[in-house]
Amino acid sequence: VEKALRPTPEDAPYRAALLINAGSYLAFSGRGRDALGPLREAAALAPDDARALHALGNALHQCDAPHDALEAYARALHAAPSPDFPPNAPLLNNVATILLARGERRLAAGALERSLAIEPHAPGTLFNLATARYSDAMERRGTRTRVEVASGRGVPLELRSAFAAAAPSREDDEELVSVLELLDAAEPHAPPGSPLRERVLALRGCAANRVVGRDAHAAADLSDVLAHGAEHARDSRGGGVDISLGDDEVRSG
């Protein structure tokens with residue numbers, strides 16, 4: 001009897017499928033740590049199964065283990081697409097979320113662009129890509145300011161202080177316009193009153209405030225945020241923006 005009940009190699013795909021379903025349910029229920037056991041077993045039984053690897057990555061991400069989650073997601077991307085796992089926007093979004101948190105904006109943008117090719121109207125994805133591009137534009141402007149100040153050593157302090165702020169370049173304007181286009185596309189799809197919508201408006205206001213001719217739009221967006229979500233608007237000229245990443249239920253399967 002024991003021999004008859006002992007799992008065989010032919011049983012592995014079926015057992016892996018059951019473990020994936022059980023682990024995914026646990027993770028979806030907020031029990032990420034409980035999900036790790038069955039999902040690790042599923043990935044061991046089916047090491048090239050993108051569904052198992054994606055689910056394992058989700059659980060690891062939920063357990064604040066981003067490095068291990070990224071490794072699982074990378075294996076899932078390598079195994080995908082397959083008949084059971086078509087191109088998957090949530091997987092790409094999860095990868096991008098971790099990369100953005102690590103400051104890997106260029107790689108994150110690539111993942112987000114691939115995600116938008118699958119789901120072009122996902123507001124959280126549009127917002128996250130806009131965030132990456134906005135951060136790049138501000139970083140370039142800050143770098144240029146530091147270079148200009150350093151090259152101006154020996155110039156009277158009053159003149160350096162007066163002209164230290166970097167003048168916007170054509171490249172900055174083009175990048176900020178692309179940021180505004182992404183946010184304009186995201187705003188209609190962000191649920192009214194949601195934190196995501198307030199983040200979209202906050203970032204759009206910050207970006208518009210730096211583009212000639214968009215002052216009125218910036219004022220309208222930032223006024224809305226200050227009225228309904230002041231915690232998401234902490235930007236002023238010369239300051240930064242503290243806006244959390246958007247989430248299109250990125251940890252779902």
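In which crossing, left-handed or right-handed, does helix 2 pass helix 4? In this predicted model, the crossing turns out to be left-handed. Helix 2 covers residues 12-28 and helix 4 covers residues 50-62. Two packed helices are described by the angle between their axes and the distance between the axes. Here the angle is about 25°, and the axes sit 10 Å apart. Since angles under 35 degrees count as roughly parallel, that makes helix 2 roughly parallel to helix 4.

As for who touches whom, helix 2 brings Ile20, Asn21, Ser24 and Ala27 to the meeting, while helix 4 brings Arg51, Ala52, Ala55 and Gln62. Sorted by character, the residues of this contact come out as four nonpolar, three polar and one charged.

Moving on to the core, the largest nonpolar one counts 57 residues. Leu60, Val95, Tyr134 and Leu183 are the members with the most contacts inside that core. Leu60 also falls within the stretch of helix 4, residues 50-62. Leaving aside residues up to four places away in sequence, Leu183 touches Phe127, Ala130, Val200, Leu203 and Arg204.

Then there is Pro120, which lies in the loop between helix 7 (105-118) and helix 8 (123-151). Is Pro120 buried or exposed? Neither label quite fits: Pro120 has a relative accessible area of 44%, so Pro120 is partly exposed. Along the chain, Pro120 and Ala186 are 66 residues apart, yet in space their C-alpha atoms are 9.6 Å apart.

Notes:
Residues are numbered from 1 along each chain as its sequence is written. This is a predicted model: local features need pLDDT of at least 70, side-chain atom pairs count only at pLDDT 80 or more; totals for chains, interfaces and linings use all residues. Side-chain values use heavy atoms; hydrogens and water are left out. Axes are lines fitted to C-alpha atoms, for helices over the stretch in contact, and angles run from 0 to 180 degrees between N-to-C directions. Helices (H or I, at least four residues) and strands (E, at least two) are DSSP runs, numbered from the N terminus. Angles under 35 degrees count as roughly parallel, over 145 as roughly antiparallel, 65 to 115 as roughly perpendicular and the rest as oblique. A crossing is left-handed if the near helix is turned anticlockwise from the far one by less than a right angle, and right-handed if clockwise. Contact means heavy atoms within 4.5 Å. Ala, Val, Leu, Ile, Met, Phe, Trp, Tyr, Cys and Pro count as nonpolar, Asp, Glu, Lys and Arg as charged, and the others, Gly among them, as polar. Buried means under 20% relative accessible area, exposed over 50%, partly exposed in between (1.4 Å probe, protein chains only). A nonpolar core is a set of buried Ala, Val, Leu, Ile, Met, Phe, Trp, Tyr and Cys residues joined through side-chain atoms within 4.5 Å.
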